[in-house]
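Dear colleague,

I am handing over the structure below, and I would be glad if you looked through it before reading my notes.

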Amino acid sequence: MASIEKETTFAFSKRRDAWTTRYSFTPTCYATCGDILMSSKDTSGNDNSGGVWRHDTNNQRNSFYGAAHKTSMTLSSNDDPSAVKIFKSISLETNTPGWSAKFYSNSEYAEDNNSQETEFFSAFKDKEGFKYMEVPRSIKNSTSHIVPCPLISGTGEGIGQNTNLNQYMVDVDVPFDVAVPQGKLLNSNLEGFNSFSGGDYSDIFITSYYEKDAEGVEQVGLDISSNANAQDLNNLVQTLNSFLNGQMFSESSVAHNGDQMRGPYLKVDLEVTTPRQIELHAINVDYEFSKLDKRLTQNT
């Protein structure tokens, strides 16, 4: 039998003759007095939520035994389930603000490199009375936030060293009139400078800044910090030259520039914490078909 990780109350509807919902509160005893439902909970060591609780009389919704609980639900948008879709936005027709959402797709695949998911976002905006949010970028198995960098070579010259902060500024050459994209600098193996140097130096973050030196060569200064065991500037330059040997890449924020959520369906976790009565009339998901989609039709 599967173990229960979190205590949950299941509700049965006699009208529908089915289990219809779950609740976060977990009483240890129920009782009825006429049509009044009451419950109590063993709260040993907690003086704030003892006694008997009378249900359906509290003006603050989702508050039980003195503790507020969130309202949550999970839904799937699987219109045309044989089609691969790019999910663009979601809107809620509701009277309640403060919703958060997390998105998943392809989570049932045996190969983990097919699944996608986002972080929890509380970014719904009011548009014409609805709560609207663009579907965030996937933070799992994304590649679009990693882009090629122009060829960079070290000059072997250190601009300076701050011994108190163990920071260095090192010149590197870049192609003429080419801006370096923002993000963390990766080598041809998609390895950051911290990993490449065995932990001696921090990862390098570049900010698209470049300038010409006295000879007209385009250069960018790399701000690099080291740990207490790596204060030799010459060693830094040698390690950096080895790191810059080959095609370089820039890795920006995956949450902002990662892949769009795509797949045959979109799974959404929604949650909100509010003392108000919630009205949620509809949930709308906007998508477009992938250009590589080969869905089943009446002609296939």
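What follows describes the overall make-up, one sheet and the nonpolar cores.

This is a predicted model, in which local features need pLDDT of at least 70 and side-chain atom pairs count only at pLDDT 80 or more, whereas totals for chains, interfaces and linings use all residues. Residues are numbered from 1 along each chain as its sequence is written, and side-chain values use heavy atoms, with hydrogens and water left out.

The protein has 3 helices and 24 strands, taken as DSSP runs numbered from the N terminus (helices H or I, at least four residues; strands E, at least two). Of its 300 residues, 32% count as buried, meaning under 20% relative accessible area with a 1.4 Å probe and protein chains only.

An open sheet of 4 strands follows the order E8-E23-E10-E11 with antiparallel pairing, where two strands pair if DSSP finds at least two bridges between them. Its edge strands, E8 (71–77) and E11 (116–117), each pair on one side only. E8 and E23 are joined by 7 bridges, and threonine 74 stands opposite aspartate 269 in E23.

The largest nonpolar core (buried Ala, Val, Leu, Ile, Met, Phe, Trp, Tyr and Cys residues joined through side-chain atoms within 4.5 Å) has 15 residues, and Phe103, Phe124 and Leu270 are among those touching the most other members. Strands E9 (85–94), E10 (100–105) and E23 (266–272) each supply at least two residues of this core, with E23 giving the most, 4 residues. A second, separate core of 11 residues includes Cys149, Leu185, Leu236 and Leu244.

Best regards

Conventions:
Buried means under 20% relative accessible area, exposed over 50%, partly exposed in between (1.4 Å probe, protein chains only).
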